[in-house]
Amino acid sequence: MMKIIPVKNYADLSAKASASIIQSVKEKPNLLFCAATGGSPTGMYAQMQSAHAENPSLFSSMRVIKMDEWGIIPLSHPDSCESYLQKHLLGPLEISTDRYFTYDTQVADYPSECQRVQNYIEQAGPMDVCILGLGKNGHIAFNEPAAYLQAPFHKALLAESTIQHDPALSQGPEPAFGFCVGMEGIMQSRKIIFLITGKGKKEAYQRIMEKKILTDCPASFLWMHPNVECYVDEEAM
């Protein structure tokens with residue numbers, strides 16, 4: 001059952017979530033960390049950076065895998081998930097390249113790249129800590145509301161609400177898409193840190209709190225996971 005942890009504000013959410021991750025790292029220094037991007041985890045990563053400054057060896061064995069990546073734009077684009085992680089997590093925590101697993105949407109053979117990532121998850125996983133934010137339409141990672149949800153790592157078509165922040169994401173030769181960890185990888189994670197913050201999340205949060213497991217609200221599936229810490233601030237409730 002998902003553990004709902006109300007917090008006062010974003011700073012409180014960031015501090016408490018970071019503390020939970022640090023405890024997990026102390027228990028298992030080489031844990032596999034599935035890193036989300038976006039506004040929700042930025043403060044948490046900053047707290048982790050502060051902990052690293054105090055104890056430079058804290059994250060010296062932690063392994064990282066990228067949760068998802070936008071299609072169309074290259075990894076070097078400032079809005080890519082890759083650029084975000086380099087800036088907010090990998091660089092600040094000094095995660096060496098041999099401890100970071102990444103992938104590229106700018107490939108000719110999508111199925112092969114997705115299978116390569118899926119193989120890694122199956123061989124190196126399950127993920128010890130998985131970070132998730134909440135989309136306004138109830139998505140987690142790029143697992144969008146749909147008639148059915150995909151289990152493996154896959155190429156996902158993005159909803160309009162997901163790409164609103166960057167029109168460039170829908171200006172390619174095909175509909176806007178991304179690569180992301182599927183529901184299987186998420187649900188097999190040993191611990192999930194679920195961050196819900198901001199005004200635009202109220203409707204999605206209220207749907208989750210109905211505890212109805214529906215594919216048109218992928219985040220509702222987290223009720224079936226045995227170890228989810230859901231930090232939600234007052235603005236999102």
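Which residue forms a salt bridge with K28, and how far apart are the closest N and O atoms? The report returns to this question after a look at the sheets of the model, which is a predicted one.

## The sheet of seven strands

Strands of a sheet pair through backbone hydrogen bonds, and they can do so in either a parallel or an antiparallel way. In this model, 7 strands form an open sheet with parallel pairing, and reading across the sheet gives the order β1-β10-β9-β6-β2-β3-β5. The edges are taken by β1 (3-7) and β5 (100-101), each of which has a single partner strand, so one side of each is left without a neighbour in the sheet.

Within this sheet, β2 pairs with strand β3 (residues 63-66) in the parallel sense, over 4 bridges, and here C34 stands opposite I65 in β3. Helix α2 (residues 39-54) packs on the sheet, where it touches β2, β6 and β9 (191-196), and the direction of α2 makes about 120° with that of β9. Another helix, α4, lies across β2, β3 and β5, and runs at about 150° to β3.

## The sheet of three strands

A further open sheet has 3 strands in the order β4-β8-β7, and its pairing is antiparallel. The strands at its edges are β4 (68-70) and β7 (154-157), each of which pairs on one side only, while the twist from one strand to the next averages 25°.

Looking at one pair in detail, β4 and strand β8 (residues 177-180) run antiparallel and are joined by 3 bridges, with F179 in β8 as the bridge partner of E69. Helix α4 (residues 110-124) packs on this sheet, touching β7 and β8, and its direction makes about 30° with that of β8. Helix α4 is therefore a useful element to follow by eye, because it touches β7 and β8 of this sheet and also lies across β2, β3 and β5, so a student can trace it from one sheet to the other.

## A salt bridge between two loops

Side chains of opposite charge can pair when their charged atoms come close. The structure holds 8 salt bridges, and the opening question concerns one that K28 forms with D128, in which the closest N and O atoms are 2.9 Å apart. D128 lies in the loop between α4 and β6 (129-133), whereas K28 lies in the loop between α1 (10-27) and β2 (32-35), so the pair ties together parts that are 100 residues apart in sequence.

## Backbone details in the loops

The loop between α4 and β6 also contains P126, and the peptide bond leading from G125 to P126 is cis, with an omega near 5°. A second backbone detail is found at A141, whose place is in the loop between β6 and β7; the phi of A141 is near 55°, which is a positive value in a residue other than glycine.

## The second largest pocket

The second largest pocket holds about 180 Å³ of space, and 13 residues line it, of which E144, A146, Y148, Q150 and H154 lie nearest its centre. What kinds of residues make up the lining of this pocket? The lining divides into 8 nonpolar, 3 polar and 2 charged residues.

Note on methods:
Residues are numbered from 1 along each chain as its sequence is written. This is a predicted model: local features need pLDDT of at least 70, side-chain atom pairs count only at pLDDT 80 or more; totals for chains, interfaces and linings use all residues. Side-chain values use heavy atoms; hydrogens and water are left out. On a 1 Å grid over the protein atoms alone, a cavity is a set of points where a 1.4 Å probe fits but cannot get out, and a pocket is an open set with protein on both sides within 12 Å along at least five of seven lines; lining residues have an atom within 4 Å of a point. Grid points are joined across faces, edges and corners, and a volume is the space filled by probe spheres set on the points. Ala, Val, Leu, Ile, Met, Phe, Trp, Tyr, Cys and Pro count as nonpolar, Asp, Glu, Lys and Arg as charged, and the others, Gly among them, as polar. Two strands pair if DSSP finds at least two bridges between them. Helices (H or I, at least four residues) and strands (E, at least two) are DSSP runs, numbered from the N terminus. Axes are lines fitted to C-alpha atoms, for helices over the stretch in contact, and angles run from 0 to 180 degrees between N-to-C directions. Contact means heavy atoms within 4.5 Å. A salt bridge is a side-chain nitrogen of Lys or Arg within 4 Å of a carboxyl oxygen of Asp or Glu.
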